Amino acid sequence: MDALERITKQVTENPVLIYMKGSPDFPQCGFSARAVQALKACGVPFAFVNIYENEDIYRALPGYANWPTFPQLYVKGELVGGCDITLDLYEQGELERMLREAVQEGDA
């Protein structure tokens, strides 16, 4: 399975997935840290991929959804965006609603 196939599998199998630098418990950049704080504040389970431990995904992901930076948040298989968009959605109260809907649909 090549990197693009793995990415497709990951984003379709996980209702909420963030590609980030580091892990939620040990983010390795400020943007990843802030995005994960917003996700954690929503209280909804999410999956993550540490791009530093997956070099093929690190190289392939910017071309997957034409988004050049990290982190990248996917909800129900669709790219939501990076840190700024994630924080904006959180501040507007939309992020938690999106995540809860995604997880509920995944359980159905």
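These are legends for a handful of close-up views of one predicted chain.

The model is predicted, so local features need pLDDT of at least 70, side-chain atom pairs count only at pLDDT 80 or more, and totals for chains, interfaces and linings use all residues. Residues are numbered from 1 along each chain as its sequence is written, and side-chain values use heavy atoms, with hydrogens and water left out.

**View 1. The whole chain, 5 helices and 4 strands.**
Helices (H or I, at least four residues) and strands (E, at least two) are DSSP runs, numbered from the N terminus. Read from that end, the elements go α-β-α-β-α-β-β-α-α. For 108 residues, a compact globule would have a radius of gyration near 13 Å, and the chain agrees, with 13 Å. That radius is taken over C-alpha atoms, and the globule rule is 2.2 Å times the number of residues to the power 0.38. Along the principal axes, the C-alpha atoms fill a box of roughly 35 × 35 × 25 Å. Contact here means heavy atoms within 4.5 Å; of the contacts with a separation of 6 or more, 63% come from residues 24 or more positions apart.

**View 2. The surface of the chain, about 5900 Å² of it accessible.**
Carbon and sulfur atoms own 49% of that accessible surface, computed by the Shrake-Rupley method with a 1.4 Å probe; for residues, only the protein chains shown count as cover. Buried means under 20% relative accessible area, exposed over 50%, and partly exposed in between (1.4 Å probe, protein chains only). On that scale, 42% of the 108 residues count as buried. As for charge, the mean positions of the 9 positive and 16 negative charges sit 3 Å apart. Lys and Arg count as positive and Asp and Glu as negative, while His and the chain ends are not counted; each charge is placed at NZ of Lys, CZ of Arg, CG of Asp or CD of Glu.

**View 3. Tyr-19 meets Tyr-74.**
The whole structure has 4 aromatic pairs. In this one, the ring centres of Tyr-19 and Tyr-74 are 5.7 Å apart and the planes stand at 85 degrees, so the pair is edge-to-face. Tyr-19 belongs to strand E1 (residues 16–20) and Tyr-74 to strand E3 (residues 72–75), so the pair ties together parts that are 55 residues apart in sequence. For the cut-offs: rings of Phe, Tyr and Trp (its six-membered ring) pair if their centres lie within 6.5 Å, with planes under 30 degrees apart counted as stacked, over 60 as edge-to-face and the rest as tilted. Both Tyr-19 and Tyr-74 are buried. Ring pairs also bring in Tyr-64, making a cluster of Tyr-19, Tyr-64 and Tyr-74.

**View 4. Around Tyr-74 in strand E3.**
With 1% relative accessibility, Tyr-74 counts as buried. Skipping residues up to four places away in sequence, Tyr-74 touches Val-11, Pro-15, Val-16, Leu-17, Tyr-19, Leu-61, Tyr-64, Ala-65, Leu-79 and Val-80. Ile-7 is 67 residues away from Tyr-74 in sequence and 11 Å away in space, C-alpha to C-alpha. One of the residues touched, Pro-15, lies in the loop between helix H1 (3–13) and E1. Pro-15 is partly exposed, at 28% relative accessible area.

**View 5. Thr-86 and Asp-84, both on helix H4.**
Helix H4 covers residues 83–91. Thr-86 counts as buried, at 2% relative accessibility, whereas Asp-84 is exposed, at 54%. Neighbours within four places aside, Thr-86 is in contact with Ala-35, Ala-38, Leu-73, Gly-81 and Leu-95. Asp-84 and Leu-95 are 11 residues apart along the chain, and their C-alpha atoms are separated by 12 Å.

**View 6. Backbone oddities on either side of E3.**
Most residues other than glycine have a negative phi, and most peptide bonds are trans. Phe-70 and Pro-71 are joined by a cis peptide bond, with omega about 5 degrees. Pro-71 sits in the loop between helix H3 (55–64) and E3, and Asn-66 is found in the loop between H3 and E3 too. Asn-66 has a positive phi near 55 degrees and is exposed, with a relative accessible area of 68%. Lys-76, in the loop between E3 and strand E4 (78–81), has a positive phi of about 50 degrees. Lys-76 is partly exposed, at 44%.
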